Amino acid sequence: QLQLVESGGGSVQPGGSLRLSCVASGTSYTGYYSYTIGWFRQAPGRERERVSCISPSGGSTAYLDSVKGRFAISRDSAKKTVHLQMNSLKPEDTAVYYCAATSLSCSGAVIGTSYQYWGQGTQVTVSV
């Protein structure tokens, strides 16, 4: 059973940066290496959306259009960790951010129901 724990959220001013981390446990290195990891966010009154995704090897990534050029996803499989570097943050980035794992590919797992395992979420607030 895979467990995911997010960290790194907080409050920043517009234009600031945060780095989110998603650490996995409950699986071997080989097992973790088989999972695609996605970052989702959900703001109050809004639908959950996938912000970014990274393949098991780290060689393939995907981003929501509104974060392209500002966010960067990376993976350290040896540490069973996926990072989401968020730069030039905007108030509209305010949300609870979740990481999730799936056995599908990034292209095949765009919506949340495609993911089998979820973290508890970390709050990101961008305001003056």
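Me: What makes the approach of the Thr94 side chain to the backbone nitrogen of Val126 a polar contact?
Reply: The side chain of Thr94 reaches that nitrogen at 2.9 Å. A polar contact is a pair of N or O atoms within 3.5 Å; within protein, one must be able to donate a hydrogen and the other to accept it, and residues adjacent in sequence count only if both atoms are side-chain atoms. The Thr94 side chain also reaches the backbone oxygen of Pro91, at 2.9 Å.

This is a predicted model: local features need pLDDT of at least 70, side-chain atom pairs pLDDT 80 or more, while totals for chains, interfaces and linings use all residues. Residues are numbered from 1 along each chain as its sequence is written, and side-chain values use heavy atoms, without hydrogens and water.

Me: Why is Thr94 called partly exposed?
Reply: Its relative accessible area is 23%. Buried means under 20%, exposed over 50%, partly exposed in between (1.4 Å probe, protein chains only). So Thr94, at 23%, is partly exposed.

Me: How do you know that Cys22 and Cys99 form a disulfide?
Reply: Their S to S distance is 2.1 Å. A disulfide is a pair of cysteine sulfur atoms within 2.5 Å, so the pair qualifies. The link is right-handed, with 70° about the S-S bond. Both cysteines are buried.

Me: What makes Cys53 and Cys106 a disulfide?
Reply: Their sulfur atoms are 2.0 Å apart, so the disulfide cut-off is met. With -95° about the S-S bond, this link is left-handed. Cys53 and Cys106 are both buried.
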